[in-house]
Each structure stands twice: as structure tokens, then as C-alpha cells.
Amino acid sequence: MTQQPRQNFLFLQVVLPILLAVGLSISLYLTIRWSSRQSDLVSSARQEQLVGLIVSRLQARIAHDQESSTVWDDAVNAVQAADTAWLDMNLGEWMHTYFQHDGAFVLNPKREVVYAFLAGVADKKSAYLHVKPFADPLVREIQKRLNAGDTTGIDDQVLSIGESDFTSIEGHPAIISVKPIVSDTGEIELTAGQEFLHIAVRYLDGDFLHELADDYQFDDLRFSKVKVQDDARSYAELKAASGATVGYFTWKPFEPGSAVMQATTPVLAGVALSLLVIMALLGVVIWRRSAHLKASQAQLAHLAHNDILTGLPNRATFARRLAKMLDASDETQTTAVLYLDLDRFKQVNDTLGHPVGDQLLIQVAARLREVAGTDTTVARLGGDEFTSAISGTSQEDVERLCDQFITAIRQPFAVDGQPILIGLSIGVALGHGNEIDADELTRKADIALYHAKAAGRNRFAIFGTHMDELVRSKRDLERDLRDAIESKDQIEVHYQPVFSAADHAMKGVEALVRWRHPIKGLVSPDQFIPVAEETRMIESLGEKVLREACAAALEWGSLEVAVNASAIELRSETYAMRVVSILGQLGFDPKRLEIEITETALADNSGHCEKNIGALRAIGVRFALDDFGTGFSSFGRLQRLDVDRIKIDKCFVAGFGKPGGNEDIVKAMIGIAHAKGLSTTAEGIETPEQNDILKKLGCDDLQGYLFSKPLPKRQIDELVARPSEARTVTN
Ligand code: C2E
Ligand code: MG
Ligand code: MG
């Protein structure tokens, strides 16, 4: 992952959720704060209203208190009689103790003080001087109203008119209330405007404030002349009737919102913190998971682009790199594509098993990579096929690289302590400039590989135009072979007699297929059998030969017939069934039939080959191991083979009598075969010397041009028709 996407990824997965959590917490906090502030404001406004209400109620109550004594005949009489003791008892002291009035004054109609009481002041009469400036306007007003007979405000509850106001007496806020002293019964006639007046004073600080604070739970309630700008305090203005400000009641407001806020803030902080931690953890978990996912995706991408076994780039990656290489190369540059194929790998796989084969491929890949270095691509196409591409190179460099590859692979490998020798064939195609097609280049490299293999393996071949011709002729061969198998006459079977070493009597024949091509003439089985195997035409070809050989042998008395079977045929699940069916159809005795197989057929992991052999041996068919000694691990495998005979390959016989001849090897082969109860046949005997040696070595049966070449049926018919001694060969 590059740095930039990784950072973006981290921001999206971790930082963003945390920022969201922080943002969410802050907005939640601000919302709660705002609503608590609102509720504080509402509560504060209500408290201010409450103070106003209490004060105005107190104003009304004072007037009402006064009426308890001022609307009373006794009072009228007492003021007129200037009965100070009575006045003191009922209008002064009494109102002070009973109604907590702070002052009480009685004025005669001339506005002279006839009675005075002011709490805490000794000289009562002069005390009125403190009150007079504030009481005067009210006194004048009420006298005016009394003169005018104004009864406004009188009802069931209010018995007399009155005037009252808020004021400040010597720095103390106070209510001054004036009431006329009138008859309650109406029996005492008073001239309008000539009534005595009663003035009540109630200070609004001191006791009043304490009571108010206690009754209504006002915190730190005080009276202040001025309003100080302070958010922590509430103020309720006390105004005189004139509109002038007397002062302010001030207290620490009850703030329910702040209380809630205070209580919830720690909880809120806890929730926000938890939210933050959860989001952060979640972010980290997601980030880690995503990183893990990215890693697995990268691993998947690696698997998609590379071969699982060897770790080399795979076919698709190679194709992509080659296309890029060709795009980037200019006219003067040479691009080379190499097709590499291991020699004898199939045998390793077949004889030592797939796990060993896999280990070998891993080691091969490592060696190829080491030789190629970092600049040259080496890829695995599948199986034992590899490929390489180089651009901006010369033919000499490519040839040198091929030699290095071949040398590296020819060095012995060791898998599980077992030494393994294999080889490497390489096909090379060279292209110039950027016009070349990648597909065309690989096709040519493949053809060149085919030639390298055909030329004897362990070598490289560079594509030339003549090779195309060969490929075409191979394709033609395939097509012609298909036609031949379907035709009645192109496929023939020849028979090579086999003789007993003991008495030189002809004991049987080996059926060998022949293809009489309408234009090319006789084509050797070595040329067309591999083609038939590749295209699976071998199955129908094999059946054709078997059927024809058995049919022919029906006419040859007790002569034994050997038929060659390819590994491909043996690995078919239905092989034994088909052989049994042909024998049954012809009425041929299975005991007269011997099937020649090669070692590779036995190295079949599916187990079908062994089952086929077992089934056919059970009905009397015998099996021979052909070309013995040329296989990959002949002696080792011989231990496990279920066969009746070995056929010593003609290459051993050909070496007889020459320096370094193979007599000892053949002697050992025969010895082992006999020890295991197997018969032996030597093939390719061309000279009497070879014949002598083989007889001496104890070989059971003999076959070769010395005695007879493979012959058409007609000639075998003639041989069989002769008396049996005439069929023997004497050397
Ligand atoms: P093979 O089964 O080992 O057959 C022996 C080959 O050696 C035959 O070649 C035969 O003509 C040749 N030969 C016999 N005696 C001598 C000799 O003294 N000197 C030399 N130099 N060669 C000798 P041929 O017929 O060309 O067959 C080649 C191979 O083709 C056979 O080897 C066998 O593996 C395969 N083949 C032939 N016919 C069939 C068939 O019907 N089915 C299958 N699957 N393979 C067949
Ligand atoms: Mg044979
Ligand atoms: Mg052979």
C-alpha cells in the first residue's frame, strides 16, 4: 500500500469516527447547557415576579391592617379626645407588635402630629420629621380626596380610601400608607376633609427581608440602592408611584438548569468519554481488520499472479510482462522468448511420485531464477514447462543464457536424500522491434522446443522458418493417421518370430504395427505411435492390432502371440474389459496371449494399470516388461512388478563383444529375473556372437533380425505350414 491511500484510510477509519464522537459530545453538551440556561432565565424571571407580588401584597395588607383600627368609632373618639394612652395601645404599639408595622403616626386635619410611634426612636414626635417629607404628598392627596368625597377603591374588603407608596426613609426602603380614621357605624358625623389621618410605615429591609428569604427560599436576599452588573445575582426593582427607583431587592437566584447541569455534567462527560473510547476502539478494530483484509487481498493477488508451487510468475503474469516488454522495445532491440521443458521429468513423477516431483520443481525454479538474475523474467507455465523473456539482448547473450540454464539443471538434484538427474531442453524465438506479436513469439518458441527435444534433448534450438514446416507436417501426420485408422487397408500388422533358446524352435510371434501411407509408403511405429498416444488414437489402434493378431493366430495352432500395449491404454479403466471382449468374440485362448508393456505404464497413480494387469492375468494372459533396462529405475521397480517376463532391450545386446560391453549387466538382469521366477527374452539379436553369448548367459527366448525380421501374416502362414523342425534356426 502506498503512503497516501494508507493515510486516507487511517483518516476515514480512525480519525473521522473520533472527530464525529467529539463533535457529537460537544453539540450534546451545548444543547443541554442552552436548555439549562433557558430554564434558569425562566426561573429567575418568576422569582422577580414573585418579589414584586409579595411587596404589592404587603402594600395592600398594611392598608388592610390599618383599617382594623382606623375604621372604628372608638378611634374617632380617641383621636378627638387626644387619648394618647388609647392611641398608643390601639394604633401604635399594638400595630407594631401585632402587624410588625415599624411606625405609626396620627395627624389632625391640620396635618399636625397628634400621635407618633417609630420603632427604635425615643423622641416619637420628632421622629415624624424623618417620615414627613415622604408622607406629605400622600397626606395632601388623601385630604383632597376626602374633601371631594372620592370613594374610589372602597368595596367589600376595603372599608376606607387610602394612599400608599414606596419610598426610602433614611436609606431604608419602606411602605408608607395613609388612612383616614373614620366611624365604623356611621354614628359619628365627620366633616369631609376634617378626618384625622393614620400613617403606617413598614420598612422593607431588616425583618421583612429575613421573613421573605425564609418563607420563599431566597438565597442571600438583600436590599441595594443600586443595581450592580452581576450575572450571579437577580434584581427586582422597587419603584415609587412617581416612577422613581427606590432601590432593588437582590438575591442569588435559584437556577434549576444549572443544578441539573452540575449534576449531569460528570455523567455527560463519562458518556462522552466512553463514546470517544468506543469509537476509537471501533476505529482501531476496523482499521486493523481492513489492514488484515488488505494483506489477504495482496496475498490473493500474489496467488493470482504467481504459481503456487514455485512462487514464480504464472502464465498470465508472463504474458502481461512480455506484452509490456514488446511495447517498450524499439526497432533496434531484440526480444527473446525461451520455452524450457525438463527432460525425463515425467519419469521422475511416475516412478518416484508426485511429492518428489513437486520438490524437484521447486528446486528447478530456484536454479532457473538464480541463473536468470533480477532482470530476466522466469515463469512457470505448468507441469515441467517454464518460460523466460529478455529484451534488448543479442543472440549471443541468449545462447549463453540457454547454456547456463541447461548446465544448471544438469547438475544432480537431491530430494529427500535421493539423487535425481534430469535435463533441460529449450526452444528460443527471437523478435526485433515492437511490431512482433507476443503470441506469435511464444508459438515459435514452442515449436523450437519441440525441435530441441527431437534433436536429442539437453539442448536448445532457435526458431527457424524450416521448423514451421515440420510442425505442419506433424499436423498432417495426425490427420493422415486418423484417416488410416478408419480405413481398412493402411494399417497392417507384421509379426516377428520369437525362438526358444533351448531348442531354437519358433514358439511365438510379436505383433508389430505397420502403417502403409498412400504417399509416404511405410511409416515406422517410432514415428506414429507417439502421435497416436498424444491424440489418444492409440486406443483404437491398439484394439485393431490386437484383434487382427489374435484372428491371425487362430490359424497358427498353438503359437503364442505377443502384442504391444501403450501406457495410455493400460491406464484406461476399461482396458481389461475390452481385451476380454475381443478374446471372447474371437474365441482366442487367453493363455496364448502375452501383452508387452513398458515401465512407465506401471507407474500409474490411479491404480487402473495394476487392476487391468491383475484382471487379465487372472484369466491366463501373460505380461512382459518390454525394453527392460532403459527405464528410469528398472531394478527397483522390478520388485513390485506383476509380470511374467522381461524383454532385454536391444541396446544391451548391440553392445556385446565391444569394449565396455554389457554382458555383465545382462547376466545380472537374467539372474534377477530367474530369481523372481520370470522368463527372459533378448531382442535385437543380429549376429551369431550375440546369440551365443545370450544362450550362454541363460536367456530363455531370442528375437532379432538374425532369425527373422517382422513379417506379414502371409509369410508367417507359410512358416507355420512348414514342418516344425524347418521353423527352427540353427546357429
Ligand atoms: P518393440 O516392442 O521393442 O519392438 C521391437 C522393435 O525392434 C521393432 O521395431 C522391431 O522391428 C525391431 N527389431 C526387431 N529385431 C531387431 C533387430 O535385430 N535389430 C534392430 N535394429 N531392430 C530389431 P518396430 O516394429 O519399428 O517397432 C518399434 C516399437 O514400436 C516397438 O518396440 C513397440 O514399442 C512399438 N510398437 C510397434 N507396434 C506396436 C503396437 O501395435 N502397439 C504399440 N503400442 N506399440 C507398438
Ligand atoms: Mg515389444
Ligand atoms: Mg522392445
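# Exercises on a predicted model with a ligand and magnesium

The protein has an average pLDDT of 88, with 95% of its residues scoring at least 70; pLDDT is the predictor's confidence in each residue, from 0 to 100. This is a predicted model, in which local features need pLDDT of at least 70 and side-chain atom pairs count only at pLDDT 80 or more, while totals for chains, interfaces and linings use all residues. Residues are numbered from 1 along each chain as its sequence is written, chains are lettered from A and ligands numbered from 1 in the order in which they are written, and side-chain values use heavy atoms, with hydrogens and water left out.

## Exercise 1: confidence

Find where confidence is lowest and where it is highest.

*Solution.* Start with helix α19 (residues 634-638), where the mean is lowest, at 57. Then turn to β19, which has the highest, at 98. Helices (H or I, at least four residues) and strands (E, at least two) are DSSP runs, numbered from the N terminus.

## Exercise 2: the shell around ligand 1

Describe which residues surround ligand 1 and what kinds they are.

*Solution.* Step one is the count: the shell holds 23 residues, and R514, N564, D626, E686 and Y705 are the closest. A residue is near a molecule if one of its heavy atoms lies within 4 Å of it.

Step two is the origin. At least two shell residues come from each of β17 (506-517), α13 (525-534) and β21 (622-628). The biggest share, four residues, is from β17.

Step three is the chemistry: nine shell residues are nonpolar, five polar and nine charged. Here Ala, Val, Leu, Ile, Met, Phe, Trp, Tyr, Cys and Pro count as nonpolar, Asp, Glu, Lys and Arg as charged, and the others, Gly among them, as polar.

Step four is the polar contacts (pairs of N or O atoms within 3.5 Å). Side-chain N or O atoms of E510 and K650 each lie 3.0 Å from an oxygen atom of ligand 1, and for D627 the distance is 3.1 Å. Taken alone, ligand 1 exposes 780 Å², of which the protein buries 86%; these areas come from the Shrake-Rupley method with a 1.4 Å probe.

## Exercise 3: the magnesium ions

Work out which residues coordinate the magnesium ion (ligand 2) and which one it shares with ligand 3.

*Solution.* First list the donors: E510 (OE), N564 (OD1), E596 (OE) and D626 (OD), at 2.0 to 2.2 Å. Donors are N, O and S atoms within 2.8 Å of the metal (3.2 Å for Na, K and Ca); water is not among the atoms, so sites may look incomplete.

Next, read their spacing in sequence, E-x53-N-x31-E-x29-D. The shared residue is D626, which coordinates both magnesium ions, ligand 2 and ligand 3, 4.1 Å apart.

Finally, check exposure, where buried means under 20% relative accessible area, exposed over 50%, and partly exposed in between (1.4 Å probe, protein chains only). D626 is buried at 8%, whereas N564 is partly exposed at 28%.

## Exercise 4: positive phi

Locate two residues other than glycine with a positive phi, A82 and D416, and state their exposure.

*Solution.* Begin with the background: most residues other than glycine have a negative phi.

A82 has a phi of about 50° and sits in the loop between α2 (73-80) and α3 (84-99). Its relative accessible area is 52%, so A82 is exposed.

D416 has a phi near 55° and lies in the loop between β12 (413-415) and β13 (418-420). D416 is exposed too, at 72%.

Methods
Polar contact = N/O pair within 3.5 Å; in protein donor to acceptor, adjacent residues only side chain to side chain.
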